[in-house]
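Me: I've got a structure open and some of the words people use for it puzzle me. Can we go through them together?

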Amino acid sequence: MSLNRRQFLTHTMHGFSGVALAAMLAEEARGESPKIDPAKPYTPRPTHFAPKAKRVIEVFCSGALSHVDTFDYKPELIRRHGQPLPGNEKLVSFQGPNGNLTQPLWTFRPRGQCEKMVSDLVPHIGALADEICFLHSLTNKSNTHGPAENVMNTGFAFDGFPSMGAWVNYALGSENQNLPAFVAIEDPRGMPQSGPNNWANGFLPAAFQGTPFSSTKPIRFLQRPKGISAAKDEATHAALRVLEKENLTDFPYDANLAARISSYELAARMQLTVPEAANLKVEPAHIRKLYGADSANKNKAAFANNCILARRLVERGVRFVQLFNGAYASGGNINWDGHSRLKEQYDVHGEILDQPVAGLLRDLKQRGLLEDTLVVFATEFGRMPMFQAGTYGRDHNPNGFTAWLAGAGVKGGTSHGTTDEFGFRASENVITPHDFHATIFHLLGLDHEKLTYYHNGIQRRLTDVHGQVIREPLA
Amino acid sequence: MQRVRSFLLLCFITTTAVAAEPHWSLQPMKCAVVSGGSHPIDFFIGKKLREKKLTFSTEADRITLFRRVTLDLTGLLPSPTEVRTFVRDARPKDEVFMEVVDRLLASPRHGERWAQHWLDVIRWAETVGFETNGERSEAWHYRDWVIHALNTDLPYDKFLRDQLAGDITGADAALGFLVAGPANLPGQVGRDEEAMRSARQDELDEVIRTVSQGLLGLTIGCARCHDHKFDPILQRDYYGMQAIFAGLRYGNRRLRGAKNDEWTSQVPVKQKQLADLKAKLERQRAQLELRKPLDSVHSDEFTQITARAIRMNIRATANGSAASLYEFEAWTTDGTNAALASGGARASASSFALANQTRHFENLTDGSVDRRQAFPWVAAKGGSAWLRVDFVEPVTLKRITWHNGSSVPADYTIEVQRPDGEWQRVAHTEDRLPRNDDTRGASQVKLKNLSVDQTQALVSIIATIRKTEGELNRLAAGPQIYAASFTTPDPTWLLERGDPMQRLAKLAPAIPAALGQAEIEPGAPEPRRRLALAKHLTQPGHPLTARVLVNRVWQNHFGNGLVDTPSDFGKMGTAPTHPELLDWLALEFIRQGWSLKKLHRLIVTSRTYRQASHPSEQALRVDADARLLWRFPPRRLEAEAIRDCMLSISGKLNLEMGGRGFDFFNQRGGLSDYVPKQTFDANGWRRMIYAHKVRMQAVDIFGAFDCPDAGQMKPRRTRSITPVQSLSLLNSPFANRQAAFFSERVRREADNGEAAQINLAFRLACAREPKPSEQQALEQLAMEHGLEQACRVLFNSSTFLYLQ
């Protein structure tokens, strides 16, 4: 902070809603919390250091994707198929007793130059192994979907904390002043388990919350009401501008009133820009085909459209896009929670996930966007290497699971961290969600310890009081 | 900047030099001398202003002041008639204003407005939160209790005591306070010991947060895993506090009162009815020579028989759902159970259900009926099903026992396979009287030797018994409310790093040592613990209780508290801008018998409150946020006030008070798939505090205006400005429909042309007369595009949306 006193006062008057000097100094002492001008909450703000990634797409598999059936190849699990898990023969986990070790339900094959073993459930993603850094030793402290999703997306098991996207939005603002800076794209089959908490602003100002919309669910109230013509709507806006200007002459220097005027202006711009950004009809056939948007499978086509939408948004400078694959708890029918009939259900879900996500990565790459866009692939936890007793599925496993990173600043074709020989527990280079978050922040040029916000007695952080940047995956 | 910083640093050093002193909020309140004959609030505020070379603004004009105080005290707008009467009143203006304040404070609308502020603090909602987010259907009683308490000016010390110990003080509904927060349902908690202990710790943690942040303004919750990093709160203080609530349970409880007495008085009559019905059924049973109904754990005895295998054919269950048993036992003549997997017996069944947990037929012979640890067999679908157990070698059986699962068999046979391979029936239900919970219709009940009419008569008595039993249970349980209930407390342990599996030492109930000593002996009976806490909190010299409360009230009048971290008076919170005033107000509040209405009156009649809210360039330079109150700080209305005011302007506001809330969504609880309602009827046009509050679901349109979703405590709302707000108020069906009602009303009440209509519409929304430019813009819009559009504009205008 190098403002002199005079600049400071001028800044206070015109800019942010005037903070008492002491409070401001305290802020300074506390770290590098961004200063928000309420009239322009999405103004681009500086990073803490040079970033590798300018924006993030987070693909989140709700319901807990089985790592042992997708990305974490365990030959010993195949060899010992049908035997009890050594040392944990009577293991009782979330839903109850477990049965015997069960080999992956899909065949693993070497993929890419790096010959990474990836299963036939996700062959399209597997084919891009050279772009990906697999993190095999994620852990979660909760073994329950809702709280665990919260941990992965907000750092805390409880509801009410700001999501990673909200933190990023708060820290960096946006490169596009005509679109929401943070968009959450729901799965066409429904909301993820912990719903809007995944993109909540928590105690951060509401301006930083994710705006939910998707190819099947547009922004609420975006368009003028039916029966109101464009001319009528514009006349209404014009009259409102007169009133607002009049009010501002009574209350000059009021940053909040100025901010209200600009929020109406942004809303008006969004009425034009959002439909343009969300207009997938202009995408050529070969692109739609790349993502699988031409599929006869309705859910696959809809998810593929969501992936195209994600690309169109980051292309336009949206800072953070969450892309959900899988909905809420449903006995595994519409998300990855395969307790009872994993093979049958995952065959359905895999088809929806695989090609669209791979298409997204390929498309980002061919447009050069992958150079400064980070793609994060995550889920709330993994699944057991055993079948549950009395079912054909796997129980929750927060002790070890896989996430991956691709794109900006990421060393592709690599793997970091391991689980034990069965995929039961993270054994080497164990990664907490806080480490995961710290690493994502790092790629964005943010120091997770410096980005704070005071709430109820604590300078809060996304990473609580934990988190270490994982260096190995970084290019 | 550097110089300023050094100066502040110096102050910091000076303060830390006397570090032995307790933190300001833990020091006794000091009574400063007020001199000069002015209103005491103005004395303190004026003193600080003078120090900064600032002055009070002039008094706000009458209309602005009237609109402000009406919105502030009731959350609704004054009507144009009220405005006119007020402005034209020729009596001395102080006298008129006092009268207005008293009228507003006496209005039932006042409690409705201010109750919301309290509900924000404690994140009250009517669903449990977490992933199930199930409905708490009887939680609304607490909301009504708060509104009533504020409307009747229940002294704050009593308000507080009732909420901690309403079971003793005769205010059961007040106990909704302690269990206002989210809590995981037992079914959502894992089955292992660690998960169950953690869940209990989490439940109590929510209570501690509510009490400590809500009443004490201390973040005691931070000491769950370690001593507080900033405040003098030790980890053992946390668990001492936990011990005070160790007997607390979440759930419904009896609501005592007239209704309860009435219900209780009806119980004997119902009991008699039920006994008569049962006697009648028993007579018929004897007459028809039927055997007694099946129990939920039932044994069939038979002549001993040698068996290779045994099977049970279930043709129907009592409630019609899929056949299910926890366990099936086959007892031999020497008293052992031959149907155990551990003994080599092999179970099989017609099918088993696939679910998140095992429903496999192996569960029939696992030797466990512990419903917390073991699982039942459940057939894949309803209708007939069979199960079978094959023995290692032939056994001699004389009895079987089954334990019901998710359903109870109603119609079945048991068959044994003899060594010769033949199957022989050994038990059946064809002469069994159905159970009282058997919901099958008469046509489905097959009883041997009974005529259709006889079966029909039996089924009909059974249905009447079922209904009467339900009625009796309801009356005996009394009217229910969702509120804390209490059992004998479990011991409380100090936990290593908060880990429920690492118990260090048993702790007695206690308040944090830094606050002194509440007299709670280690083995104190449950209610004594809470009463001791209430007594401690309401002692007149308590350094926090009154300070925290008067600060909350101040904040809701001025937008900012004297302390702007209203639930954190600890070191991480901010210091008061006017410490002397805070103490003076707190002491005065206690002196006035903890009366909230007297406190409101004191504040709103001050010059400080009655100032204009216009900015001054010079003052903004010194104090941009007007924390020193050189003006009344203007602010946007809260979500509830915006909706309530839109409805009141449109003429649709329904002032019905209390009871079950109206719905913003298609469902009142549940994990997902909430669809916001787009249009409302009269019930949905009640004040927003009467909306059924779903946790973690932002309300459509008004959620965007920072209406908290009760996920976390919200002692102070953010006041954000977003494009989503603009889109909602401009384009939502709710806003447009209300704008149409608004225009209809205006046409009805001022039918003499656009000019008069716009004038009235403007005064309805903004209280004051429109300025010429405003009048002209709206009039032109109305002429060209209809009055409704002018009304739509008014809903979006800052003059309407702001408290100025």
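Reply: Sure, start with pairing: two strands pair if DSSP finds at least two bridges between them, and strands themselves are DSSP runs (E, at least two residues), while helices are H or I runs of at least four, numbered from the N terminus. This is a predicted model, where local features need pLDDT of at least 70, side-chain atom pairs count only at pLDDT 80 or more, and totals for chains, interfaces and linings use all residues. Residues are numbered from 1 along each chain as its sequence is written, with chains lettered from A and ligands numbered from 1 in the order in which they are written.

Me: How do you know that β1 and β9 of chain A pair?

Reply: Strand β1 (residues 55–61) and strand β9 (residues 320–325) of chain A share six bridges, in the parallel sense. The cut-off is at least two, so they pair. Across from A:Ile57 you'll find A:Val321 in β9(A).

Me: What makes β8 and β15 of chain A edge strands?

Reply: Each pairs on one side only. They sit in an open sheet of eight strands with mixed pairing, in the order β8-β7-β9-β1-β10-β14-β6-β15 (chain A).

Me: Why are residues of chains A and B said to be in contact?

Reply: Because the C-beta atoms of two residues in contact, placed from the backbone, lie within 7 Å. The contact takes in 80 residues from chain A and 77 from chain B. On chain A's side, α7(A) gives the largest share, eleven residues.

Me: What makes 220–277 of chain A a domain?

Reply: Domain bounds come from an automatic or database domain assignment, and chain A is divided into domain 1 (54–218 + 279–460) and domain 2 (220–277).
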